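User: Could you take a close look at one part of this structure for me? I would like a connected account of one loop and the helices around it.

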Amino acid sequence: MTGIDWGVFAAYLFGVLGFALWQSRRNEGVEGFFLGNRTMPWWAIGLSVMATQASAITLIGTTGQGYTDGMRFVQTYLPLPFAMIILSVVFVPFFYRAKLFTAYEYLEERFDAKTRSLASFLFLVGRAMGTGVIMYAPAIVLSTILGWDERITISIMAVFTIGYTVTGGITAVIWTDVVQMLMMFGGIVLAILFMVAGLPEGVGVADAAYIGGVQQMWNAIDFTWDPQSRYTIWSGLIGGTFLFLGYFGADQSQVQRYLTANSERDSRLSLIFNGFMKVPMQIAILGIGVLMFAFYHFEQPPIVFNEAEVRTVMESERAAEFEALSVRFADAHAERRTTVMAILEARDLGGGGARDLELTLASQDATLLGLREAAKAIVTDIRGSESNDTNYIFPTWLTTYFPVGLVGLMIATVFAAAMSSIDSELTALSSATVIDFYRRWFRTDATDAHYLTVSRLATLFWGITAWGFALRAGQGGSLIELVNEVGSLVYGSILGAFLLAFFVPRAHGTPAFLGVLCGVGTVVFVNFSTEVGWLWWNPIGVGMVLVVGTLLSFVMTPPPSTPSARTAP
Amino acid sequence: MTEPLRKERDDNVPGGPWKSWRSIYVTLAVWGVACILFLIWITATLNLDLGPVGGGP
């Protein structure tokens with residue numbers, strides 16, 4: 001980063017912060033702090049819905065996913081348009097008309113207080129860890145650029161973001177997200193342009209795409225039926241549907257967003273907007289990862305993408321060994337580059353001899369992979385814990401190949417993206433804590449000012465908790481997977497409770513409560529005892545809650561009181 | 001008593017080119033299917049099954 005980059009970065013960051021604080025002046029009382037007094041327009045909420053889900057992880061983790069695993073992760077997002085339709089038709093009317101603060105309030109109106117508290121508690125557990133991961137993502141970027149240990153960058157960002165979140169409300173969050181999301185769209189376009197422009201002379205985007213195809217990286221759709229395979233069209237469409245219904249329909253961080261709309265129509269439109277935009281955005285971001293993969297067939301990649309770890313190794317007693325591996329890696333890459341150019345030439349000449357060249361390429365890939373694994377093993381040995389540099393791939397490319405000024409802008413985009421998401425998540429955690437627990441169980445009749453103060457303290461508490469989790473997140477592999485996996489442990493069961501409430505008129509409190517417990521227990525068992533992919537955890541959780549909740553509702557005697565008229569199905 | 005001929009204006013419609021919620025849902029569903037077909041096309045045309053390759057850094 002040059003001085004100009006730092007200037008752009010600082011200007012953008014403080015500009016966004018100032019804008020957020022300026023917007024937060026409108027917050028008055030708890031309804032202003034958590035729901036923006038229900039005055040937000042649909043397009044701002046729609047962008048905020050996208051921004052909250054996207055965060056910095058989308059740029060860093062998903063591009064890394066595209067680089068290492070190709071396009072197949074996109075299958076997870078395919079059911080999103082259909083999930084948005086279901087949410088608009090089924091969920092929004094129930095939530096919006098009930099004038100709720102949190103999604104879980106509905107479960108008390110429909111079932112009972114203990115079911116509401118359990119669902120809210122599960123949300124808090126799952127989301128607190130997820131927020132830690134979101135906090136970790138941009139710290140990686142700064143760690144790579146500054147050469148600092150990531151624990152230092154995590155801590156600096158945590159202190160900064162928590163302080164800002166405690167003073168800001170949902171109004172500031174949503175408007176900041178609008179700016180951030182527009183920046184992200186711009187960043188995606190810029191990344192594709194510079195990726196193409198950075199290819200060697202004589203090599204075009206079609207050539208890079210061809211090499212990606214030879215390496216089987218355009219594997220967007222997989223029709224095989226294998227529950228243990230993480231990403232197939234079936235796990236995507238079935239598991240993904242439940243994942244998104246759970247995330248957008250039962251996760252307070254998203255429900256809170258569309259509760260801020262000034263009408264039911266605007267709530268629906270914000271989700272439909274997301275339905276149209278999300279899949280193309282994910283295709284573009286994963287495509288950047290695949291193009292980056294092809295790009296590094298022509299330009300030499302680092303043997304390990306985490307520069308800070310490389311520096312640590314080079315200061316250790318195993319520096320000479322690491323250096324020798326790096327030299328062999330450079331030689332192997334040069335040989336592979338020659339093969340790749342020959343493959344392109346053979347293609348242009350009609351394909352003769354391409355098969356032999358591709359076998360040579362496979363052999364050279366294996367050599368490069370072996371050298372890289374050996375280098376990572378040294379890093380792991382020196383670091384004392386497993387090294388995973390998937391999330392460093394995009395930041396490294398960015399700082400190496402982007403022009404002066406734009407590096408700072410892209411880094412600012414990543415940083416602000418994370419900040420806005422953390423802000424949203426902390427606000428959601430705070431609202432669930434205060435509304436579903438504190439105001440429900442401990443102080444039912446305090447003043448609005450009191451609840452506002454408690455809300456800010458709750459935000460502080462969850463910020464510190466997420467900070468602690470962020471310090472552990474580096475050992476969890478791909479960030480985007482980690483967030484979804486953590487959420488999938490509980491989303492299915494929470495979603496099951498809502499579906500039980502909407503579609504099973506006979507269902508009542510205690511069976512619903514026991515159903516949710518069975519759902520979570522089953523998913524945890526499946527996680528630790530089987531190899532079933534995490535996308536399947538959501539339908540398993542939903543199924544358990546619906547089956548157990550429905551059966552017990554027929555067996556157990558319902559309480560004498562009936563659900564209120566506005567919440568019954 | 002007959003029903004009034006003029007229907008009251010319904011504010012709860014999507015707006016723009018969509019006159020009803022059903023029409024915007026159908027549009028979104030068609031969009032979702034189009035995205036899937038596009039990705040099937042990408043996999044079929046760009047992903048070249050030419051041999052045991054892949055996985056390099």
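Analyst: Happy to. Let's start in the loop between α4 and α5 (105-110) of chain A, which is where Lys99(A) sits. Please keep in mind that this is a predicted model. The phi of Lys99(A) is near 50 degrees, a positive value in a residue other than glycine. That is worth a pause, because most residues other than glycine have a negative phi. As for its surroundings, Lys99(A) has 11 other C-beta atoms within 10 Å, and since 12 or fewer counts as exposed, Lys99(A) is exposed.

Now step back from the loop to the helix before it. How do α4(A) and α12(A) pack, and at what angle? Their axes are 9 Å apart and the angle is about 165 degrees. Angles over 145 degrees count as roughly antiparallel, so α4(A) and α12(A) are roughly antiparallel to each other. The crossing in which α4(A) passes α12(A) is right-handed.

Which residues make this contact? From α4(A) come Leu80(A), Pro81(A), Met84(A), Leu87(A), Ser88(A), Val92(A), Pro93(A) and Tyr96(A). From α12(A), the partners include Glu264(A), Arg268(A), Leu271(A), Ile272(A), Gly275(A), Lys278(A) and Val279(A). Sorted by class, the residues of the contact of α4(A) with α12(A) are 10 nonpolar, four polar and three charged.

Both helices also have a part in the meeting of the two chains. Across that boundary, 33 residues of chain A are in contact with 26 residues of chain B. On the side of chain A that touches chain B, α4 (80-97), α9 (205-214), α12 (264-298) and α15 (354-383) each supply at least two residues. Of these, α15(A) gives the most, with 10 residues. By class, this side of chain A has 22 nonpolar, five polar and six charged residues.

With α9 now in the picture, there is another loop to visit. Gln216(A) lies in the loop between α9 and α10 (233-250) of chain A. Although Gln216(A) is not a glycine, it has a positive phi of about 65 degrees. Is Gln216(A) exposed or partly exposed? Gln216(A) has 19 C-beta neighbours inside 10 Å, so it counts as partly exposed.

To sum up the part you asked about: Lys99(A) is an exposed residue with a positive phi, and it belongs to the loop between α4 and α5 of chain A. The helix α4(A) packs with α12(A), and both supply residues to the side of chain A that touches chain B.

Key
Residues are numbered from 1 along each chain as its sequence is written. Chains are lettered from A and ligands numbered from 1 in the order in which they are written. This is a predicted model: local features need pLDDT of at least 70, side-chain atom pairs count only at pLDDT 80 or more; totals for chains, interfaces and linings use all residues. Two residues are in contact if their C-beta atoms, placed from the backbone, lie within 7 Å. Helices (H or I, at least four residues) and strands (E, at least two) are DSSP runs, numbered from the N terminus. Ala, Val, Leu, Ile, Met, Phe, Trp, Tyr, Cys and Pro count as nonpolar, Asp, Glu, Lys and Arg as charged, and the others, Gly among them, as polar. Axes are lines fitted to C-alpha atoms, for helices over the stretch in contact, and angles run from 0 to 180 degrees between N-to-C directions. Angles under 35 degrees count as roughly parallel, over 145 as roughly antiparallel, 65 to 115 as roughly perpendicular and the rest as oblique. A crossing is left-handed if the near helix is turned anticlockwise from the far one by less than a right angle, and right-handed if clockwise. A residue is buried if 20 or more other C-beta atoms lie within 10 Å of its own, exposed if 12 or fewer, and partly exposed in between; C-beta atoms are placed from the backbone.
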